[in-house]
Amino acid sequence: MTHATGPDAATLDILDLYRQAGAYHEGHFLLASGRHSPKFLQSTTVLQHPHYTEQIGRALAGALRGAGIDAQLVIGPAMGGVVLAYETARHYGTRAIFAEKDGQGDMKIREAFTIAPGEPFVAVEDVLTTGGSVLKAVRAAEAAGGRCVGIACIVDRRAGGGDLHGYPLVALTRLVFDTYAPDEVPGWLAALPLQEI
């Protein structure tokens, strides 16, 4: 594996990086999960900037190495995980692929991508809220013969933290924002204009 110099997981302030990129928002947001939140992180705003993406990829690769996770492949769910998988793999010293929607609610691996039987891989995601997308990518790579040895994300938003469905999880930071079911939205939040994400 290759090693790079610069900010690593221990020194990179993710929330500050999102703020610098204009990707940290406060207001009233309807999340993809159907829940409401007063805060939202827009990773695509960050990942459009090569300078920020390079820092994040380097930090994720360093965090994976620091956790003792050794893989030969990095996979990300399309579309959001494509750039992140590539940049993480660049610093991790491996190749990168992506899983894409199969039109039936799951994900698949393109025929052009090959995964050797038992090939160890890590899956990456930007913001982990439920883990649904990244787990679909994991299942697709496992169905193609790979063996998941870990999952990495920029931000872990899950209240409980810890491993994800038995897979070791490496996160650059944990930020748990309050979220509310549609019938539980407090008055102060309901008074703000709703923005769908």
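Two strands count as paired here if DSSP finds at least two bridges between them. With that in hand, welcome to this predicted model, which has an open sheet of six strands and another open sheet of three. The UniProt annotation, from an unreviewed entry, places a "Phosphoribosyltransferase" domain at residues 44-168.

**The annotated stretch**
- Over residues 44-168, helix makes up 37% of the chain and strand 27%.
- The C-alpha atoms at the two ends of this stretch are 25 Å apart.

**The six-stranded sheet**
- Reading across the sheet, the strand order is β5-β4-β3-β6-β7-β8, and the pairing is mixed.
- β5 (107-109) and β8 (169-174) are the edge strands; each has a single partner strand, so one side of each has no neighbour in the sheet.
- On average, neighbouring strands of this sheet are turned by 25° against each other, ignoring direction.
- Strand β7 (residues 147-156) pairs with β8 in the parallel sense, through five bridges.
- To see this pairing in the model, start at D156, whose bridge partner in β8 is R174.

**Helices against that sheet**
- α4 packs on the sheet and touches β3 (73-77), β4 (95-101), β6 (120-128) and β7.
- The direction of α4 makes about 165° with that of β3.
- Helix α5 (residues 132-143) lies across β3, β4, β5, β6 and β7.
- Relative to β6, α5 runs at about 165°.

**The α3 and α4 pair**
- Helix α3 (residues 50-66) and helix α4 (residues 80-92) have axes that come within 8 Å and cross at roughly 60°.
- That angle makes α3 oblique to α4.
- The crossing of α3 past α4 is right-handed.
- On the α3 side, the contact residues are T53, E54, I56, G57, R58, L60, A61, L64 and R65.
- They meet V83, L84, E87, T88, R90, H91 and Y92 of α4.
- By type, the residues of this contact divide into seven nonpolar, four polar and five charged.

**Backbone points worth a look**
- As background, most residues other than glycine have a negative phi, and most peptide bonds are trans.
- The peptide bond joining A78 and M79 is cis, with omega at about 0°.
- M79 sits in the loop between β3 and α4.
- H165 is a residue other than glycine with a positive phi, near 50°.
- You will find H165 in the loop between β7 and β8.

**The three-stranded sheet**
- This open sheet has the order β2-β1-β9, again with mixed pairing.
- β2 (36-41) and β9 (194-196) stand at its edges with a single partner strand each, so one side of each is left without a neighbour in the sheet.
- Neighbouring strands here are turned by 60° against each other on average, direction ignored.
- Strand β1 (residues 24-30) and β9 pair in the parallel sense over three bridges.
- H28 has its bridge partner in β9 at L194.

Note on methods:
Residues are numbered from 1 along each chain as its sequence is written. This is a predicted model: local features need pLDDT of at least 70, side-chain atom pairs count only at pLDDT 80 or more; totals for chains, interfaces and linings use all residues. Side-chain values use heavy atoms; hydrogens and water are left out. UniProt positions are given in the numbering used here, feature names are shortened, and annotations may be inferred rather than shown by experiment. Helices (H or I, at least four residues) and strands (E, at least two) are DSSP runs, numbered from the N terminus. Axes are lines fitted to C-alpha atoms, for helices over the stretch in contact, and angles run from 0 to 180 degrees between N-to-C directions. Angles under 35 degrees count as roughly parallel, over 145 as roughly antiparallel, 65 to 115 as roughly perpendicular and the rest as oblique. A crossing is left-handed if the near helix is turned anticlockwise from the far one by less than a right angle, and right-handed if clockwise. Contact means heavy atoms within 4.5 Å. Ala, Val, Leu, Ile, Met, Phe, Trp, Tyr, Cys and Pro count as nonpolar, Asp, Glu, Lys and Arg as charged, and the others, Gly among them, as polar.
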